Amino acid sequence: MRELMPLLMKGTLVTIEIALYSILLAIVMAGLATALRTAPLRVVRWTGNIYVEVFRGTSLLVQLFWFFFVLPLAPFNIELTPFTVAIVGLGLHYGAYGSEILRGALHSVPNGQYEAALALNMSAATRMRRIVLPQALLNALPPATNLMIELLKGTSLVSLITLSDLTFRARQLDESTFRTAEIFSLTLVIYFVLAQIISYAMRHVERRLGKHISGHGAAPGK
């Protein structure tokens with residue numbers, strides 16, 4: 001254990017860093033794509049839909065390879081570091097799924113909430129900020145938590161573009177020590193612990209948001 005843990009922890013830190021930045025990008029892309037897909041202009045809606053369908057409909061591994069091996073070639077001539085490729089690839093891929101979650105959450109807000117806001121003569125921006133969005137976010141948090149855990153597990157693919165993440169370190173140790181059972185058992189436990197941390201953090205956010213909505217008189221789910 002003392003021999004294996006230092007290298008595995010180095011890989012774990014890389015995995016955590018990639019996951020955090022990718023989650024932030026995925027949240028931004030999910031919000032942006034949802035805004036585009038609900039815009040009044042058809043061409044803007046098409047832009048959002050094309051992004052979501054392309055990244056949902058193609059393999060994450062192929063996307064990572066495309067960013068890593070194809071972008072540096074003509075006519076693109078864009079060369080990204082492996083770390084940047086990992087964040088961009090994961091963020092864009094899971095942001096597309098996040099957009100579907102957010103769009104579904106917006107549709108899940110009862111019509112009565114919209115009607116009550118209209119009766120109070122709220123503007124569209126105020127209605128979205130104070131009534132619709134808080135309830136939609138509360139509905140979106142459970143599936144979003146699952147998506148973040150999927151993103152965490154998806155970071156294992158970045159080892160294929162030369163990043164020394166947890167999976168890369170596990171394979172490296174396995175090849176040099178042949179202690180396969182111990183190494184991959186430890187790796188399994190580390191991924192499990194990281195997933196539980198995400199679940200705990202998101203449950204805390206969900207409770208806080210639920211209290212905030214209740215304190216302001218909203219009635220989600222009614």
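Which helices each supply at least two residues of the lining of the largest pocket? Let's start there. One caution before the answer: this is a predicted model.

The helices are helix 1 (5-37), helix 4 (82-108), helix 6 (124-154) and helix 8 (180-215). Helix 6 gives the most, with 7 residues. In total, 19 residues line this pocket. Look for I27, A30, L137, A144 and M148, which lie nearest its centre. The volume is about 410 Å³. What about residue classes in that lining? We have 16 nonpolar and 3 polar residues, and no charged ones.

Now the second largest pocket. Its volume is about 270 Å³. Helix 1, helix 6 and helix 8 each supply at least two residues of its lining. From the low numbers, we get I16, A19, L20, I23 and I27. M148 and L152 are also in the lining. Then come L194, I197, I198, A201 and M202. By class, that makes 12 nonpolar residues, no polar and no charged. Note two names you have heard already: I27 and M148 line this second pocket, and both are among the residues nearest the centre of the largest one.

Last stop, a single residue: L61. Find L61 in helix 3, residues 60-70. Is L61 buried or exposed? Neither label fits: L61 counts as partly exposed, because its relative accessibility is 26%, and buried would mean under 20%, exposed over 50%. Which residues does L61 touch, leaving out those up to four places away in sequence? L157 and L160. I161 is worth a look too. L61 and I161 sit 100 residues apart in sequence, yet their C-alpha atoms are 9.7 Å apart in space.

Definitions and conventions:
Residues are numbered from 1 along each chain as its sequence is written. This is a predicted model: local features need pLDDT of at least 70, side-chain atom pairs count only at pLDDT 80 or more; totals for chains, interfaces and linings use all residues. Side-chain values use heavy atoms; hydrogens and water are left out. Helices (H or I, at least four residues) and strands (E, at least two) are DSSP runs, numbered from the N terminus. Buried means under 20% relative accessible area, exposed over 50%, partly exposed in between (1.4 Å probe, protein chains only). Contact means heavy atoms within 4.5 Å. On a 1 Å grid over the protein atoms alone, a cavity is a set of points where a 1.4 Å probe fits but cannot get out, and a pocket is an open set with protein on both sides within 12 Å along at least five of seven lines; lining residues have an atom within 4 Å of a point. Grid points are joined across faces, edges and corners, and a volume is the space filled by probe spheres set on the points. Ala, Val, Leu, Ile, Met, Phe, Trp, Tyr, Cys and Pro count as nonpolar, Asp, Glu, Lys and Arg as charged, and the others, Gly among them, as polar.
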